[in-house]
Amino acid sequence: LLSLLFWLQGVGGTSIQPNPPNWPDSVFIFDPTTENIQDTVNKIYLQNGGHNPPENGQFSEKRFVLMFTPGEYKVDVPVGYYTQVLGLGLKPQDVVFSGDKGVHCEEANYNPSVGALDTFWRAAENFKSTSAHGWWNGANGMIWAVSQAAPLRRAWIVNDLLLFQYVPPYAYAGFSSGGFAADLLVDGVAQSGSQQQFITRNSRVAKWEGANWNMV
């Protein structure tokens, strides 16, 4: 009886939460009419991404969430450390990124002996990408050059999906080791390149190229 009384008191004292919530400054919600989306995204990436220095933001204390309401966005969204990109539609095609690079993740270090081996702690999900950027000869589409703890989920990739990165004029591609993708539709070619291991589930890929140790 006492526990019920305490529970009822707790319910009675619960404040009504606002809808939408009072998001912290680290959460950004965009719609197609939002001004200066590209500038905002670039400022975020400068804090937790980029290559000056290599692996910029790897030990940052900053965290970011970028949410996009349904519509088309002709912007490029580089995804740095501790950053999550979310489409808010019911279906991936409700949020379309039509920028040259669109949602993407480059390897954190252009030195190929490091490459994407430290490219952790980020995620992207629930969107459609029509990116056709030419990253290098024969590689056109969305790049997601990561290793562990960087899932790509529920996405429709119209062109190729590149799971590693090659930066000319190096003699070989940057190392990459481990990744996870789920609920993907890839109309082009998924190129695993230097990936040592990668797991993909519940996905439909027109063609997969490359394999090293473990591709599941």
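## Strand β2 and its neighbours

A residue counts as buried when its relative accessible area is under 20%, as exposed when that value is over 50%, and as partly exposed in between. In this predicted model, 4 of the 5 residues of strand β2 (residues 64–68) are buried, so this strand is largely enclosed by the rest of the structure.

Strand β2 pairs with β1 (residues 27–30) through 4 bridges, and these two strands run parallel; within this pairing, Val27 has Val65 of β2 as its bridge partner. Between the two strands the chain passes through helix α2 (residues 37–48), and the resulting β-α-β crossover from β1 to β2 is right-handed. Strand β2 is also joined to β5, in this case by 5 bridges and again in a parallel arrangement, with Phe68 having Gly87 in β5 as its bridge partner.

## Strand β5 and the loop that follows

Thr83 lies in strand β5 and is buried because its relative accessible area, 4%, falls under the 20% cut-off. The side chain of Thr83 reaches the backbone oxygen of Tyr81 at a distance of 3.0 Å.

Leu88 belongs to the loop between β5 (83–87) and β6 (95–97), and with a relative accessible area of 39% this leucine is partly exposed. Together with Trp23 and Ile29, Leu88 forms a nonpolar patch on the surface, and the three residues have about 280 Å² of accessible area together.

## Salt bridges

The structure holds 2 salt bridges. One of them brings together the side chains of Arg153 and Glu125, with an N to O distance of 2.9 Å. This pair links distant parts of the chain, since Arg153 is in strand β11 (residues 152–157) and Glu125 is in strand β8 (residues 122–129), 28 residues apart. The two partners fall into separate accessibility classes: Arg153, at a relative accessible area of 30%, is partly exposed, whereas Glu125, at 18%, is buried.

The side chains of Lys207 and Glu209 also meet in a salt bridge, here with an N to O distance of 3.4 Å. Lys207 counts as partly exposed at 44% relative accessibility, and Glu209 likewise counts as partly exposed, at 33%.

Note on methods
Residues are numbered from 1 along each chain as its sequence is written. This is a predicted model: local features need pLDDT of at least 70, side-chain atom pairs count only at pLDDT 80 or more; totals for chains, interfaces and linings use all residues. Side-chain values use heavy atoms; hydrogens and water are left out. Patches are made of residues with over 30% relative accessible area and no salt bridge: like charges are joined within 9 Å, nonpolar side chains (Val, Leu, Ile, Met, Phe, Trp, Tyr) within 5 Å. Accessible areas come from the Shrake-Rupley method with a 1.4 Å probe; for residues, only the protein chains shown count as cover. A salt bridge is a side-chain nitrogen of Lys or Arg within 4 Å of a carboxyl oxygen of Asp or Glu. Buried means under 20% relative accessible area, exposed over 50%, partly exposed in between (1.4 Å probe, protein chains only). Two strands pair if DSSP finds at least two bridges between them. A crossover is right-handed if, with the strands pointing away from the viewer, the path from the first strand over the helix to the second runs clockwise. A polar contact is a pair of N or O atoms within 3.5 Å; within protein, one must be able to donate a hydrogen and the other to accept it, and residues adjacent in sequence count only if both atoms are side-chain atoms.
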